[in-house]
Each structure stands twice: as C-alpha cells, then as structure tokens.
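Colleague: Please take a close look at one part of this model, the central sheet and the elements around it. I would like one connected account, with the terms and their cut-offs spelled out.

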Amino acid sequence: MRKRSDDMRKKYRLSTKLTKKEVPIAASLAAKAFADSPCYVEIFPDRKGREAFLAWMFERNFLLRLNDDCFRCTYDGDKLVSFFMFLKPGLPHPSFCDMLRVGLLGGLVFYGLRVIYRLLVTKNWFEDRERVVLGKRSGTMVRLERMTVLPEYQGKGIGTYALSSALEEADEEGLSVILGTQEKRNVKFYKRLGFKVVDECHVNIGKGYVNWTMVREPKAK
C-alpha cells in the first residue's frame with residue numbers, strides 16, 4: 001500500500017491552489033462529471049443545455065471561493081486530472097456583492113427564473129435536511145464537494161490517492177467530513193475511505209431521487 005502511494009506521489013502532483021486561469025477547466029471537468037446526477041437533471045431537465053449550465057454555475061461558485069484554500073487538485077505534469085472542494089467549517093458566506101462580482105445573478109437572464117427557482121429549492125431542501133440529520137453538529141464538518149476525475153484517468157486510483165491525502169489533513173485537525181451523493185455507485189467508493197451512511201432518504205423534488213448523506217469521523221492520532 002505504501003509503495004503504491006509512493007508511486008502515485010512520484011507520478012502525480014497534489015496542490016491546494018487553483019488559479020483563476022484554471023477555473024474554467026475545473027468547472028468544465030465538474031460539469032461533465034455531474035451532468036447526469038439526479039439532482040441536476042431535475043434542476044435543468046434539458047440534457048443538451050445542462051452541461052453548459054453546470055459549467056457556468058460551477059465556474060462562478062469556484063470564483064467565489066478562489067481565495068478560501070478549499071480546492072484540492074491533482075496534476076499529471078501541468079494537466080489537471082482530478083479536482084474537488086474541501087470546505088472547512090467557518091468559511092464566510094459569499095455576500096451579495098460577491099455574487100454580483102462573479103456574475104452569479106446573471107443566471108436569471110441566461111437560464112430563466114424556473115431553472116434558478118429549482119436550483120434554490122434544491123439547495124434549501126438539502127440544507128434543511130442536513131440540519132435535521134446532524135442537529136448541533138451541522139456546520140462543524142468539512143464539506144466534500146465536486147469530486148471528479150478525468151474519464152481517461154479513472155480506474156487508476158487517482159481519486160483515492162487525492163482524497164486520502166485530504167482526509168489525512170482532516171484527521172490532523174480532528175475534523176469530520178461530510179458529503180452527499182445521489183448515485184449509489186459512489187456510496188461503495190466512499191465507504192472504502194471510511195465514510196458511513198448517516199441518512200438515506202427520498203428527495204421529493206420533480207420526479208424524485210434518493211440522496212445518501214455520508215460522514216467520516218477523524219481517525220485517532
């Protein structure tokens with residue numbers, strides 16, 4: 001196991017920085033990975049335009065967090081091959097001015113009120129559900145989001161390698177990590193890394209879908 005980790009370290013470079021120039025690349029990577037995720041299908045039913053919408057939305061979200069030390073990137077040379085967000089508790093919420101600055105409110109013009117309304121309804125549902133499930137622990141955990149690996153690099157252990165490094169970081173700080181997924185195949189992957197399902201429920205939005213909330217507790221030092 002250690003030899004494999006050493007081999008990965010020699011071949012792939014990890015970084016906690018995402019440059020402004022790389023934001024569109026990361027957004028496009030995430031949009032392709034999440035285009036068929038059930039929650040986004042309900043938010044933007046048109047498959048043809050969904051990926052473009054997600055790329056637009058993710059790009060603005062990433063710009064909002066560019067200086068918050070929450071990106072975890074993996075490179076093959078200079079090529080970004082894996083990416084996720086590792087949002088630690090206590091990060092400030094973006095202000096209205098911040099949203100204006102990155103053009104997030106332009107979604108009303110580009111994609112219409114219905115899409116933005118469904119986006120907000122979904123966001124509120126997940127936030128409310130998390131408060132119910134976690135109670136007083138809500139807001140105290142690292143949030144794992146947008147875990148993606150380029151298709152041609154999948155199956156090589158890159159996602160496990162990159163995420164394991166971030167989880168070691170959380171262990172050192174004594175922080176639990178939370179994530180949500182609507183795809184059952186992801187549950188097995190995250191379980192291998194120490195996550196446990198703390199909630200499995202039906203999301204009654206649109207045609208509906210299942211959401212799994214998973215939490216990984218920090219390992220003792």
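Modeller: Strands β6 and β7 form a hairpin with five residues between them, and Gly-206 in the turn has a positive phi of about 65 degrees. This is a predicted model, in which local features need pLDDT of at least 70 and side-chain atom pairs count only at pLDDT 80 or more, while totals for chains, interfaces and linings use all residues. Residues are numbered from 1 along each chain as its sequence is written, and side-chain values use heavy atoms, with hydrogens and water left out. Helices (H or I, at least four residues) and strands (E, at least two) are DSSP runs, numbered from the N terminus.

The two arms of the hairpin, β6 (residues 196-203) and β7, pair in the antiparallel sense over seven bridges, where pairing requires that DSSP finds at least two bridges between two strands. Within this ladder, Asp-199 stands opposite Thr-213 in β7. Seven of the eight residues of β7 are buried, so β7 is largely enclosed by the rest of the structure; buried means under 20% relative accessible area, exposed over 50%, and partly exposed in between, with a 1.4 Å probe and protein chains only.

On to the next partner: β5 and β7 (residues 209-216) pair in the antiparallel sense over five bridges, with Thr-181 opposite Trp-212 and Ile-178 opposite Val-215. Strand β5 (residues 177-181) is mostly covered, four of its five residues being buried. With β4 (residues 142-149), strand β5 pairs in the parallel sense over two bridges, and Val-142 stands opposite Val-177 there. Between these two strands the chain passes through helix α7 (residues 158-172), a β-α-β crossover that is right-handed: with the strands pointing away from the viewer, the path from the first strand over the helix to the second runs clockwise.

Ile-178, in strand β5, deserves its own paragraph. At 2% relative accessibility, Ile-178 counts as buried. Leaving aside residues up to four places away in sequence, Ile-178 touches Glu-130, Leu-134, Met-141, Val-142, Arg-143, Leu-144, Thr-213, Met-214 and Val-215, contact meaning heavy atoms within 4.5 Å. The C-alpha atoms of Ile-178 and Lys-196 are separated by 9.5 Å, the two residues being 18 apart along the chain.

Seen as a whole, seven strands form an open sheet with mixed pairing, in the order β1-β2-β3-β4-β5-β7-β6. Strands β1 (13-15) and β6 stand at the edges with a single partner strand each, so one side of each is left without a neighbour in the sheet. Neighbouring strands of this sheet are turned by 25 degrees against each other on average, direction ignored. Axes here are lines fitted to C-alpha atoms, for helices over the stretch in contact, and angles run from 0 to 180 degrees between N-to-C directions.

Two helices lie across this sheet. Helix α6 (residues 107-134) lies across β4, β5, β6 and β7 and runs at about 135 degrees to β6. Helix α7 lies across β1, β2 (71-76), β3 (79-87), β4, β5 and β7, running at about 30 degrees to β3.
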